[in-house]
Amino acid sequence: MKEDILKVLLSEEEIAAKVSEIGAKISRDYHDKNLLLVSVLKGSVVFMADLMRAIDVNAAIDFMSVSSYGSGTKTSGEVKIIKDLDRSLEGVDLLLVEDILDSGKTLHYLRDMLSKRGPKSIRIATLLDKPARREADIKPDYVCFEVPDEFVVGYGLDYAEKYRNLPYVGILKPSVYE
Ligand code: PRP
Ligand code: MN
Ligand code: MG
């Protein structure tokens, strides 16, 4: 697994420090709110697990499973709902938790769809933002790191379902996907 990584882009320590900083910010912003963290599976699962423990105000959690990339490296633009939320969003302050905002199509679709269900507010927290690749009109509210247009894996991010369990974010060697 490690032999496929060109270099470590974000170390475990860097990620941990930034996640606790963003968690503190979210705690301040949501202390008087009805926070629901929604993790967009599967990529955000590692970030979600760390971020929720860095938040020290009441927060409910839920999960949605969507897929747009399949096993390739490019987005199809088509977002498939594999698992919907278990609960109503009426009166909820929704915070969507993602691992990466790339073209932005996944979150654009989700935000539109979920905003029709009566939440009080919707915001987006993402571990990584890759603005160079943005196609949809969407901006994250909380970003841990802006990243260059390289194929990144680890800390939840996959290539063909591999590398999610790396504890850091690394750049994949082009020879792996070319
Ligand atoms: C990846 C990533 C984001 C999305 C970002 O998910 O985890 O959810 O793509 O891309 P976009 O901004 O271009 O829409 P993917 O569909 O690969 O599913 P996964 O989370 O299960 O890996
Ligand atoms: Mn995803
Ligand atoms: Mg993926």
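This is a guided tour of a predicted model, arranged as a series of selections to make in the viewer.

Begin by selecting strand 2, residues 35-41, together with strand 3, residues 60-67; the two run parallel and are joined by six bridges. Within this pair, leucine 36 has alanine 60 of strand 3 as its bridge partner. To follow the chain between the two strands, add helix 2, residues 45-53, through which the path crosses from strand 2 to strand 3 in a right-handed β-α-β crossover.

Keep strand 3 in view and add strand 4, residues 80-83, which pairs with strand 3 in the antiparallel sense over three bridges. A residue pair to label here is serine 67 and its bridge partner in strand 4, lysine 80.

Now return to strand 2 and select strand 5, which runs parallel to strand 2 and is joined to it by five bridges. Leucine 36 can serve as a landmark again, since in strand 5 leucine 94 stands opposite it. Strand 5 covers residues 93-101, and because eight of its nine residues are buried, it is largely enclosed by the rest of the structure.

From strand 5, extend the selection to strand 6, residues 121-129, where the pairing is parallel and involves eight bridges; isoleucine 100 has leucine 128 of strand 6 as its bridge partner. Adding helix 3, residues 105-115, completes a right-handed β-α-β unit made by strand 5, helix 3 and strand 6.

Next, turn to the interior and display the largest nonpolar core, which has 40 residues, with Val38, Leu51, Leu95, Leu96, Val97 and Tyr155 having the most contacts inside it. Among the elements that give two or more residues to this core are helix 1 (12-29), helix 2, helix 3 and strand 6, while the largest share, six residues, comes from strand 5. Centre the view on valine 38 and, leaving aside its neighbours within four places in sequence, look for its contacts with Asp62, Met64, Leu85, Leu94, Leu96 and Val97.

Finish at another sheet, an open one of three strands in the order 1-9-8, with antiparallel pairing. Strand 1 (5-10) and strand 8 stand at its edges, each with a single partner strand, so one side of each is left without a neighbour in the sheet. Select strand 1 with strand 9 to see the four bridges that join this antiparallel pair, and label isoleucine 5 with its bridge partner in strand 9, leucine 172.

Definitions and conventions. Residues are numbered from 1 along each chain as its sequence is written. Chains are lettered from A and ligands numbered from 1 in the order in which they are written. This is a predicted model: local features need pLDDT of at least 70, side-chain atom pairs count only at pLDDT 80 or more; totals for chains, interfaces and linings use all residues. Two strands pair if DSSP finds at least two bridges between them. A crossover is right-handed if, with the strands pointing away from the viewer, the path from the first strand over the helix to the second runs clockwise. A residue is buried if 20 or more other C-beta atoms lie within 10 Å of its own, exposed if 12 or fewer, and partly exposed in between; C-beta atoms are placed from the backbone. A nonpolar core is a set of buried Ala, Val, Leu, Ile, Met, Phe, Trp, Tyr and Cys residues joined through C-beta atoms within 7 Å. Two residues are in contact if their C-beta atoms, placed from the backbone, lie within 7 Å.
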